[in-house]
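Biologist: Thanks for sitting down with me. Could we walk through a few of the packing and pairing details together?

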Amino acid sequence: MTIMIPKSQSRTVCQACQAHCTLVATLEDGRVMALHGDKDDPAYHGYSCIKGREMAAVHRFPSRLLHSMRQLPDGRHEPIAVDQACREIGSRLRTIIDEHGPRSVALFIGTYGYCNFPAQAFALALMRALGSPMVFSPQTIDQPGKGIAIGMHGLWLAGNPPLESWEALLLVGTNPIVSMNGGLGPNPARALKRAQARGMKLVVIDPRRTETARRADLHLQCRPGEDGAILAGIVRELIATGRLDNAFIRDETTGLDALKASVAPFTPAMVAERAGIPAQQIIEAAAILGNARVGGVSAGTGANMSGESAVTEYLLRVIQTLRGWLLRAGEKRPNPGVLIEPLPALAAASGPSPCWDMGERMRVRGLAGTNMNLPTAALADEILMPGEGRIRALIVLGGNPVAAWPDQIKTQEAMRALDLLVCLDPRMTQTARNADYVIPPKLQLEIETNSAFYEHCGTAGLGGWGYDEPYGVVCPPVLSPPPGADVEEEWESLYRIAQSAGAPLAIRSLSILDPARAEAEETRLDMTIKPDVATVWHAVLKGAPVDYDVVARSPEGRLFPRETVVEPRPEGWTARLDLGAAPIMQDLEAIAARKPRGDSYPFRLIARRMNDFHNSNWRESPRQRRHYSYNPAFMHPDDMAAIGVLEGEEVLIRSERATVLGIAAADEGLRPGCVSMSHAWGGAPDEPDQPAIHGTSTSRLCFTDRDYDRYSGIPLMSAIPVAISPATDNQAV
């Protein structure tokens with residue numbers, strides 16, 4: 001369906017960042033003249049980000065691919081019809097599998113593939129049909145601790161109390177005003193302002209005085225990488241002062257004694273010395289959290305990429321459980337679900353579940369699968385390591401590994417070592433330039449969109465996202481592709497590839513959270529006639545609490561209120577939340593015994609979000625470049641003076657792995673001894689660094705095989721030890 005009414009308005013669900021807000025498009029003569037938030041929208045209340053408001057410009061950028069590309073023997077790319085490209089890809093996949101087995105083909109679903117539900121569902125169906133278990137995603141190099149913590153601690157099925165009831169919020173390494181992660185919903189700045197106006201206290205643990213930290217009642221501006229120690233200290237203080245929901249702990253948990261023993265070494269004095277903060281702040285944080293009847297907790301990439309991802313996320317869940325900040329029997333669940341099936345409304349724990357060292361085993365570092373997918377940090381090694389089981393073909397859906405994966409040098413080497421690299425991407429990224437085929441899809445305004453992804457993020461129990469109320473919206477396409485373009489949706493190209501490979505597709509609903517039921521109710525596709533968009537969405541969201549067609553009748557976005565009351569724990573239910581999971585207790589022992597790192601790399605490079613850009617996505621918009629067209633190396637002014645560098649000058653940033661060029665910028669809100677930079681910038685590692693043009697690759701500074709998490713394999717992608725010095729003409733990178 002195409003809307004092309006002069007001087008009309010339409011709506012779309014933005015996919016430019018995690019917020020997935022509903023935008024109003026003003027059209028004139030078939031062109032989008034403006035995009036803006038909808039003040040009448042009951043979830044977003046007019047919120048929109050610069051990335052979404054500039055989305056129409058993306059459709060017109062010269063860098064947008066309008067035809068598929070095939071690599072020639074000399075490395076150049078030539079246009080090819082999309083149906084021909086898909087036939088060739090399917091044929092080559094079948095040949096590789098026949099010669100080397102299904103494990104030789106891998107899939108990486110990037111951020112923009114992950115939030116595109118039809119693309120994700122069809123890609124997963126293709127891999128099942130090919131018989132390959134090698135599915136990777138950003139989850140294991142972004143915030144892997146979330147799912148692993150749920151597995152070790154267990155999940156409270158009733159869910160969390162609504163934001164409007166919180167009296168305290170604890171945020172660790174996350175900046176929801178920019179990142180949209182933090183439990184404050186789809187309009188975080190508005191929600192935080194309203195919550196604090198009614199008295200909610202905010203505690204932030206972060207080395208940087210972020211936009212969110214500036215509003216904190218207590219900001220623990222710590223050394224990077226000490227989040228686990230700080231949270232252990234807060235847990236110890238809660239226990240020592242008796243600020244516990246003893247009845248809930250008695251009835252619904254196990255492992256308290258093991259937890260007490262493990263956090264005993266983390267006294268306020270010990271944590272203060274380790275984290276470089278006043279001991280009194282540990283006591284104050286515990287008091288704020290301990291005096292709040294209801295509250296919330298959340299961590300982001302800053303904490304998860306700095307080491308001890310699982311420990312940090314687990315201890316946050318422990319704090320939530322010790323305080324009893326969970327819905328109880330008889331209370332109303334605020335969101336009974338719209339397009340995503342909710343968890344059972346039971347005042348009961350799921351109990352611990354397998355979450356790591358499961359499924360397919362890697363050939364490197366003893367790593368295996370987790371409940372957050374296979375370890376992406378091991379994928380380059382799996383491609384490069386010779387022998388049986390080597391990955392020879394890779395499909396990249398909506399991602400840019402050369403920009404985003406840790407160890408950029410190794411990643412590019414791996415991309416070039418593949419027998420077949422396929423990128424479904426609308427432009428020639430650093431990764432796509434190495435691809436055998438690049439398949440450009442339709443863009444945001446050219447496809448049907450809805451609110452399912454953002455709802456799914458909150459419903460799945462990961463925390464930090466989601467709607468507090470039963471919000472739903474389905475928006476038809478706003479535009480048609482440009483005349484002469486040979487583009488289609490990603491799911492269509494994946495369907496064509498499956499046809500050519502002789503791989504019949506069965507689509508599993510992403511609305512159904514129970515994997516066994518999703519498999520039992522999967523939709524088997526006719527592989528002779530391509531399905532239409534309506535059929536695809538009904539398969540992808542099969543079993544939704546509100547029928548997809550019902551939601552689609554309200555393209556303006558609305559609430560679908562229904563009352564869901566939490567039921568008591570069933571008779572004989574034995575599962576409990578685990579406060580003392582043995583692997584985490586072992587980790588706490590190791591953290592307590594860890595000595596300060598003495599090396600010749602005195603700075604710590606930490607991750608940050610930039611409000612105007614999201615990951616490695618489009619950066620051509622002049623409006624988005626109004627502040628920066630690159631990712632500066634933010635430093636405290638005292639550190640800049642100490643090394644003799646001025647604002648805007650180039651600096652050498654050196655780790656044990658590599659050296660890159662950055663451009664210095666002052667940030668008085670940054671803890672001294674840190675350099676703060678955004679991820680997924682920079683050119684390819686074999687090109688001269690041009691930080692003012694391409695930005696700086698922080699992933700080039702990472703090792704994948706040192707300081708990595710034993711559960712997910714994520715290495716240090718933040719809190720990276722680095723040395724910084726002024727750049728001179730004779731110091732080539």
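Biologist: In which sense do strand 25 and strand 30 pair, and over how many bridges?

Modeller: Happy to start there, keeping in mind that this is a predicted model. Both strands belong to a closed barrel of six strands that runs 25-29-26-28-27-30, with mixed pairing. Leu605 stands opposite Ile720 in strand 30. Strand 25 (residues 603-608) and strand 30 (residues 720-726) pair in the antiparallel sense, over three bridges.

Biologist: What is the average twist from one strand to the next in the barrel?

Modeller: The barrel follows the order 25-29-26-28-27-30. From one strand to the next, its twist averages 45°.

Biologist: Which strands are the edge strands of the open sheet with the order 1-2-3?

Modeller: That open sheet has three strands with antiparallel pairing. Strand 2 (residues 22-28) is joined to strand 3 by six bridges, and Val24 stands opposite His36 in strand 3. An edge strand pairs on one side only, which is true of strand 1 (8-13) and strand 3 (31-37).

Biologist: How are helix 9 and helix 11 oriented to each other?

Modeller: Helix 9 (residues 227-240) and helix 11 (residues 256-263) pack with their axes 9 Å apart, at an angle of about 120°. That angle lies outside the 65 to 115 range for roughly perpendicular and is not over 145, so the two helices are oblique.

Biologist: Which residues of helix 11 meet helix 9, and how does the contact divide by residue class?

Modeller: From helix 9 come Ala232, Val235, Arg236 and Ile239, which meet Leu256, Leu259, Lys260 and Val263 in helix 11. The residues of this contact divide into six nonpolar, no polar and two charged.

Conventions: Residues numbered from 1 in each chain as written. Predicted model: local features only at pLDDT ≥ 70, side-chain atom pairs only at ≥ 80, totals over all residues. Heavy atoms only, no water. Axes fitted to C-alpha atoms, helices over the stretch in contact; angles between N-to-C directions. Helix = DSSP H or I, 4+ residues; strand = E, 2+ residues; numbered from the N terminus. Parallel < 35°, antiparallel > 145°, perpendicular 65-115°, else oblique. Contact = heavy atoms within 4.5 Å. Nonpolar A, V, L, I, M, F, W, Y, C, P; charged D, E, K, R; others polar. Pairing = 2+ DSSP bridges.
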